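Here are my notes after a look through this one, in numbered points. Have the structure open as you read.

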Amino acid sequence: MNINYIHKIAAGIALTVVFSSCVKNENSFGYEYMPDMYRSPAQEAYVDYGEVRSWKSNDSIKNTQSAKLPPMGTIPFQGANADPAYSMPYKRLPSKAMIVTHSAMSLEYSDEDYDASALDVNPMRMFESNVEHGKQLYTTFCDHCHGEKGAGDGIIAEKGLIVPPSNAFTKAEGQMFYSITYGKGDMGSHASQLNQKERWQVISYIKSMSGGVVIPDALKTLEMEKVTDIIGTGSTVELLPETLAGH
Amino acid sequence: MNLFLLKKLKTKDLTLGLSFLFFMLISFSSTAQDGKALFKQNCAACHKPLKDGTGPALQGAKAKWEAAGDDIYAWVNNPQAQYDAGVESALAIQYQPGGMAGIGVSKEEIDAILKYVDEYTAPLPPVTAINTTANPGTEQNNSWLMWLIIGGILAMLIVALWGVRKQLYYAVKEKEEGKEVEEEESFGSEVKSWMGRNLKLVSVLGFVITGTLVYYGAEELYKVGLVPEGYNPEQPIAFSHKIHAGANEIDCQYCHNSVSKSKSAGIPTVNVCMNCHKAIGEATSGEKGTAEIAKIHKAAGWDPDKRQYTGKTEPIRWVKVHNMPDHVYFNHSQHVTVGEIECENCHGDVKTYTTGKISGTETINNLELEGKKLVKLSRPLLTMGWCIECHATADVSTKGNKYYDEIHDRLKKDKELYKSVMEDGKVKVKEFGGWECSKCHY
């Protein structure tokens, strides 16, 4: 009789263990059938190397920062076919005040470069494909604040959370590039989200919104003069000879 | 009497209406409108009417300058000159000198702007921006089972202990009286005889209970090794996708911007948070949200009082939610940029979540999103069966992709292969080697 009771109690405890583990715990990743290499010992993004299950525990590197900034001045590798011109560091420097206002980290600083950047011209001609990609990027990265047409009436601006100036896009192309790269006023730097090529594409789209002439892709191989003949000289910045030099 | 009352009411209504009209006329007069537009155009990037931003709050600025006897118009158009001239009000401003460039507006325009700013009152917060009970059913559907089991085990323990007590009682009695006591009919044997009498009921009940236990047990055991549906770990910051991607309609890729270029979608870095939260230090949802934003400021090294970066940064320990085993290669850019698969097809309707969560195949199949075409699958989410099911059924959009033009040219040379691929008129990933082991395992 005694043994019978012990059996029953043991069965009860076993059942508790089995079924209480079925209960959903949102913090638990559940069971792994054999430690299934969820914690990778290989070089991967977002891996806690202290958590890798191996023959040796690695407590010293547990919970340390895995995502880090590359050393200052690093040039990103963007594939063998990428144009190196767009990987080189931006020639305009942030102003000294931007260290505290926009967390701008640089090897050198210059207070004149914002004004000087007005002279920079878009090195990517305003081809249809560039403008189209620029539009995609604009809807992802800009329009929730700057609004669909750039009037400063995006959803976040309408709620009064961040109000961009309604004339932000009347600035020179080079100044817009400067502001996307380092930030301006309440806007932070978008350099980590958009590479240089993409920044110019966004600016191409912005210029096309305010009447800049878009060049059809079919004319890509033509000389600058012929393009001007076909399109006309009505457009402003994008058809200056300097803009097209070397492209 | 009645008539008199009616008359009185009418005059009252009329005065009310008239005064309302008068008020409307004042508040929507043309100068106020101009002031708003001018403020937005020239000042709003740095200044707010009521709160300090990149520049100080502007409400009451005019009164302050006039009280000190200084010329605010000269300041607006050339701040540096006023500062250099040592004008008292200019020196009193706590912000860095020369931070503001001359704006270049006329005296009338400044008047309009300052009038708008002085009359400005904070807008009421939006009432129905966030739907708090989006999916009440999915949160805690297993808790009743837990209580049932705990109750059952407690009952079992009570019965067992009662039995033990009875045994001990007889043992003691036996010792005291020195002879064997005839046992009364025990509870156990009572139950047994009752069961014998109601054999039909007992067998049906037994069948049902055993069946249920086996069913749930098997279902739970089957989940071992699967990516757990509903995994929603606590994060260091209670970030809400509902507010950011839902109510504020920020694109997924604004924060997870490496998704189109890289293998991983990217946990946004703190500088991306600060693109907005430098200006937004207070949550509209209340104090809890504001405390969460303060955590971002701490991580970014942003001092909201001085409005400066201190340079003392601190990492945020996010918990990774969608974790693939190391032996499988998955590339986001391949699926998002080339495959044009919607985020929701694997991650569910994230706009209704707070922190990151693993969705389920069924939940995703039931989603209906405007303008988005989702592939419907049957296997459990993020398992290999699920991957290859999609590779075998989902159409590949080959339009405008030169890679597929090349494949098409090569295919045309082998007529039989071409025929077998294009039999159903559609192109699947499987037909380009999407079922090759080494595509994902190497």
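1. Let's begin with the layout of chain B, bearing in mind that this is a predicted model. The centres of domain 2 of chain B and domain 3 of chain B, taken over C-alpha atoms, are separated by 64 Å. The full division of chain B is domain 1 (30–119), domain 2 (144–222) and domain 3 (395–442).

2. On secondary structure, chain B has 21 helices and two strands. Of its 442 residues, 18% are buried. As for contacts in chain B with a separation of 6 or more, 58% of them come from residues 24 or more positions apart.

3. Now the nonpolar cores. The largest has 51 residues, and I162(A), V202(A), F39(B) and I113(B) are the ones with the most contacts inside it. Both chains feed it: α4 (128–141), α6 (155–158), α7 (173–182) and α8 (196–209) of chain A, along with α2 (30–42), α3 (61–68), α4 (72–77) and α7 (107–119) of chain B, each put in at least two residues. The biggest giver is α7(B), with six residues. Another core, of 11 residues, lies apart from that one, and includes C255(B), I296(B), W302(B) and Y309(B).

4. I162(A) deserves a click. Beyond its neighbours within four places in sequence, I162(A) touches C145(A), I156(A), A157(A) and D186(A) in chain A, plus C276(B), A279(B) and I280(B) from chain B.

5. One of those partners, A157(A), sits in helix α6 of chain A. Is A157(A) buried or exposed? It is buried, because 20 other C-beta atoms lie within 10 Å and 20 or more is what counts as buried. Setting aside neighbours within four places in sequence, the contacts of A157(A) are C145(A), G147(A), G152(A), I162(A), V163(A) and P164(A). For G147(A), 10 residues away along the chain, the C-alpha to C-alpha separation from A157(A) is 8.1 Å.

6. Next, α8(A). With 12 of its 14 residues buried, this helix is largely enclosed by the rest of the structure. The buried set isn't just greasy side chains by name: Q196(A), E198(A), R199(A) and K207(A) are in it, as are W200(A), V202(A), I203(A) and I206(A), among others. Helices α4 and α7 of chain A are included in what covers the buried residues of α8(A).

7. The length of α8(A) checks out. Its 14 residues should span 20 Å at 1.5 Å a residue, and the end C-alpha atoms are indeed 20 Å apart, so the two agree. Just after α8(A), look at G211(A), which takes a positive phi of about 95 degrees.

8. How do α4(A) and α8(A) pack? Their axes are 7 Å apart, at an angle of about 95 degrees, and the two helices are therefore roughly perpendicular to each other. From the α4(A) side, N130(A), V131(A), H133(A), G134(A), K135(A), L137(A) and Y138(A) take part; they meet E198(A), Q201(A), V202(A), S204(A), Y205(A) and S208(A) in α8(A).

9. Last, α13 (residues 270–277) of chain B. Eight of its eight residues are buried, including V270(B), N271(B), M274(B) and H277(B). C276(B) is also in that buried set, and we met C276(B) above as a contact of I162(A). Among what covers the buried residues of α13(B) are α12 (252–255), α14 (287–300) and β1 (302–303) of chain B.

Note on methods
Residues numbered from 1 in each chain as written. Chains lettered and ligands numbered in written order. Predicted model: local features only at pLDDT ≥ 70, side-chain atom pairs only at ≥ 80, totals over all residues. Core = buried A, V, L, I, M, F, W, Y, C linked by C-beta atoms within 7 Å. Helix = DSSP H or I, 4+ residues; strand = E, 2+ residues; numbered from the N terminus. Contact = placed C-beta atoms within 7 Å. Domains from an automatic or database assignment. Expected span 1.5 Å × (residues − 1). Axes fitted to C-alpha atoms, helices over the stretch in contact; angles between N-to-C directions. Parallel < 35°, antiparallel > 145°, perpendicular 65-115°, else oblique.
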